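Biologist: Before we start, please show me the model. I would like to ask how each label was reached.

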Amino acid sequence: MKPYTLMINGKAYSVTADPTMPLLWVIRDVVGLKGTKFGCGMGLCGACTVHLDGQPIRSCQIPIDLIKRNQTIMTIEGLSKAGDHIVQKAWVEHQVPQCGYCQSGQIMSAVALLKANPSPTDADIDAAMGGNICRCGTYVRIRQAIHSAASAMRQAKKATPSSPAKKQPSVR
């Protein structure tokens with residue numbers, strides 16, 4: 001057992017764990033954040049997807065000992081306290097979840113995609129989401145929700161007033 005300090009969803013957690021324990025189990029069983037799911041345990045299904053320094057990773061494949069002290073981890077709980085992140089809203093709007101088991105991993109991958117590519121094509125979505133498996137087959141709804149979230153994000157960006165240019169003092 002070894003002590004670690006992890007920054008998860010903007011909060012520091014001091015934990016003690018076996019250095020070989022996958023990050024997934026630290027998040028779920030030690031820290032107690034249950035939104036991230038165990039799927040295949042081999043990094044193939046994407047149910048355990050979280051962000052490490054903003055990049056989607058399969059938390060079942062990363063031993064806690066590889067996480068550096070200054071790295072940030074975001075789980076599904078970190079997207080929004082109220083569950084109203086723009087991607088989560090799109091998921092509800094398009095009634096994506098069926099059994100719901102893969103959805104936190106799907107949403108985390110979709111958020112990472114939209115951060116890197118705010119206007120993804122169907123091919124972009126298929127490529128980015130290809131590592132997330134949905135046993136209920138909601139792929140069409142997932143794609144629709146991602147397009148909807150992308151559109152909403154672009155609209156929100158347009159509606160946000162840009163910072164006014166600094167007014168230069170008049171010179172007389």
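Modeller: This is a predicted model. The buried residues of helix 4 are Gln103, Ser104, Gly105, Gln106, Ile107, Met108, Ser109, Ala110, Val111, Ala112, Leu113 and Leu114.

Biologist: What makes helix 4 mostly covered?

Modeller: A residue counts as buried when its relative accessible area is under 20%. Twelve of the 14 residues of helix 4 are buried, so the helix is called mostly covered.

Biologist: How do you know what span to expect for helix 4?

Modeller: The expected span is 1.5 Å times one less than the number of residues. For the 14 residues of helix 4 that comes to 20 Å, and the helix reaches 20 Å from its first C-alpha to its last, so the two are close.

Biologist: Which elements does helix 4 touch in the sheet?

Modeller: Helix 4 packs on the sheet and touches strand 3, strand 4 and strand 5. Its direction makes about 40° with that of strand 3.

Biologist: What is the order of the strands in that sheet?

Modeller: The order is 2-1-5-3-4, in an open sheet of five strands with mixed pairing.

Biologist: Why are strand 2 and strand 4 called edge strands?

Modeller: Two strands pair if there are at least two bridges between them. Strand 2 (11–17) and strand 4 (55–58) each pair on one side only, so they are the edge strands.

Biologist: How do you know that strand 3 and strand 4 pair?

Modeller: Pairing needs at least two bridges. Strand 3 (residues 49–52) and strand 4 have four, in the antiparallel sense, so they count as paired. Within strand 4, Pro56 is the bridge partner of His51, and Gln55 stands opposite Leu52. The two strands form a hairpin with two residues between them, and Asp53 in the turn has a positive phi of about 50°.

Biologist: What joins strand 3 to strand 5?

Modeller: Two bridges join them, and the strands run antiparallel. Two bridges satisfy the requirement of at least two, so this is a pair as well. Leu52 has Ile73 as its bridge partner in strand 5.

Biologist: Which way do the residues of strand 3 point?

Modeller: Thr49 and His51 point one way, Val50 and Leu52 the other way, and all are buried.

Biologist: Which strands does helix 1 lie across?

Modeller: Helix 1 (residues 23–31) lies across strand 1 (2–8), strand 2, strand 3, strand 4 and strand 5 (72–74). Helix 1 runs at about 100° to strand 2.

Biologist: Which residues touch the most other members of the largest nonpolar core?

Modeller: They are Val87, Trp91, Ile107 and Ile146, in a core of 19 residues. Helix 4 gives the largest share, six residues. A second, separate core has 17 residues, including Leu6, Ile8, Val50 and Ile73.

Biologist: What does Trp91 touch?

Modeller: Leaving out residues up to four places away in sequence, Trp91 touches Val96, Pro97, Gln103, Gln106, Ile107, Ala110, Ile142, Ala145 and Ile146.

Biologist: Why is the contact between Arg143 and Asp122 called a salt bridge?

Modeller: The cut-off is 4 Å between a side-chain nitrogen of Lys or Arg and a carboxyl oxygen of Asp or Glu. The closest N and O atoms of Arg143 and Asp122 are 3.9 Å apart, so the pair meets the rule. Arg143 is in helix 6 and Asp122 in helix 5, 21 residues apart.

Biologist: What makes Asp126 part of a network of salt bridges?

Modeller: Asp126 and Arg143 also meet in a salt bridge, at 2.9 Å from N to O. Asp122, Asp126 and Arg143 are thus linked in a network.

Biologist: Why is Arg143 called partly exposed?

Modeller: Partly exposed lies between the cut-offs of 20% and 50%. Arg143 is at 27%, so the label applies. Asp122 at 36% and Asp126 at 41% are partly exposed too.

Biologist: How do you know whether Asp29 is buried or exposed?

Modeller: Exposed means over 50%, and Asp29 has 51%, so Asp29 is exposed. Its salt-bridge partner is Lys34, at 3.6 Å from N to O. Lys34, at 41%, is partly exposed.

Biologist: How many salt bridges does the rule give?

Modeller: The count comes to four.

Conventions. Residues numbered from 1 in each chain as written. Predicted model: local features only at pLDDT ≥ 70, side-chain atom pairs only at ≥ 80, totals over all residues. Heavy atoms only, no water. Core = buried A, V, L, I, M, F, W, Y, C linked by side-chain atoms within 4.5 Å. Buried < 20%, exposed > 50% of the residue type's maximum accessible area, 1.4 Å probe, protein only. Contact = heavy atoms within 4.5 Å. Axes fitted to C-alpha atoms, helices over the stretch in contact; angles between N-to-C directions.
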